[in-house]
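User: I am new to this structure. Please walk me through it in short steps.

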Amino acid sequence: MLFRILDPQTKANQFWRDFDRLNDELTRSILDSQFGSSSNFPPVNVYTKEDEALVTCLLPGLEPDQIEINVKDNLLSIHGKKKSEELAEGTEVLRREIFNGEFRRTLELPFRVDSEHVLAKFTNGILNIHLPRREEDKPKKVSISIG
């Protein structure tokens with residue numbers, strides 16, 4: 001986790017964003033347990049450094065042309081559709097845990113992204129997205145003058 005010094009107004013806003021996110025996760029968890037959902041599909045890992053973020057996303061059984069990636073400010077959206085498998089007539093499904101259908105994951109990143117330089121690579125069902133931080137959002141070193 002990154003530690004940042006924030007002014008009181010920003011700190012208050014962050015508190016409410018964190019509260020809203022927690023509320024959304026709890027609500028989604030309750031609804032998922034009752035009705036089932038694709039809210040956690042596709043599974044992702046998100047890594048950040050000072051100047052970029054890397055999102056790794058598991059999308060087995062999809063082709064790159066079935067995936068859409070959108071970036072705006074600090075939001076990354078991954079959207080696509082996984083076709084359901086064709087079953088022979090008379091086949092009874094005993095258990096279905098592999099997700100099929102339309103999905104959308106939207107992730108909030110800790111900084112605004114330079115959308116002109118985003119790189120996405122899809123290999124063996126794994127999508128890697130490199131999201132560089134906007135130059136104006138990078139921390140700047142301030143020199144201190146003497147006297």
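User: Is Lys 140 buried or exposed?

Analyst: This is a predicted model. The relative accessible area of Lys 140 is 55%. Exposed means over 50%, so Lys 140 counts as exposed.

User: Where is Lys 140 found?

Analyst: One strand helps to place Lys 140: β7, residues 126-132. Lys 140 is found in the segment after β7.

User: Which residue has its backbone oxygen 2.9 Å from a polar atom of the side chain of Lys 140?

Analyst: A polar contact needs N or O atoms within 3.5 Å. The side chain of Lys 140 has a polar atom 2.9 Å from a backbone oxygen. That oxygen belongs to Glu 135.

User: What is the strand order in the open sheet of four strands?

Analyst: The pairing in this open sheet is antiparallel. Its four strands come in the order β1-β2-β7-β6.

User: Why is one side of β1 and of β6 left without a neighbour in the sheet?

Analyst: β1 covers 44-48 and β6 covers 119-123. Both stand at the edges of the sheet. One side of each is left without a neighbour there because each has a single partner strand.

User: How many bridges join β1 to β2, and which residue in β2 is the bridge partner of Tyr 47?

Analyst: Strand β2 spans residues 52-58 and runs antiparallel to β1. The number of bridges joining them is five. For Tyr 47, the bridge partner in β2 is Leu 54.

User: Which strands stand at the edges of the open sheet of three strands, β3-β4-β5?

Analyst: The pairing in this sheet is antiparallel. An edge strand here has a single partner strand, so one of its sides is left without a neighbour in the sheet. That applies to β3 (67-72) and β5 (101-108).

User: By how many degrees are neighbouring strands of this sheet turned against each other on average?

Analyst: The angle ignores direction. It is an average over neighbouring strands of the β3-β4-β5 sheet. The value is 10 degrees.

User: Which residue in β5 does Lys 82 stand opposite?

Analyst: Strand β4, residues 75-82, is joined to β5 by eight bridges. The two strands run antiparallel. Opposite Lys 82, in β5, stands Gly 101.

User: Which residues make the nonpolar surface patch, and what is its area?

Analyst: One of its residues, Trp 16, has its place in helix α1, residues 8-35. Trp 16 is partly exposed, with a relative accessible area of 49%. The patch is made by Phe 15, Trp 16 and Phe 19, and its area is about 360 Å².

Technical notes:
Residues numbered from 1 in each chain as written. Predicted model: local features only at pLDDT ≥ 70, side-chain atom pairs only at ≥ 80, totals over all residues. Heavy atoms only, no water. Patch = residues over 30% accessible without salt bridge, like charges linked within 9 Å, V, L, I, M, F, W, Y side chains within 5 Å. Areas by Shrake-Rupley, 256 points an atom, 1.4 Å probe, with all protein chains shown as cover. Salt bridge = Lys/Arg side-chain N within 4 Å of Asp/Glu carboxyl O. Buried < 20%, exposed > 50% of the residue type's maximum accessible area, 1.4 Å probe, protein only. Pairing = 2+ DSSP bridges. Polar contact = N/O pair within 3.5 Å; in protein donor to acceptor, adjacent residues only side chain to side chain. Axes fitted to C-alpha atoms, helices over the stretch in contact; angles between N-to-C directions.
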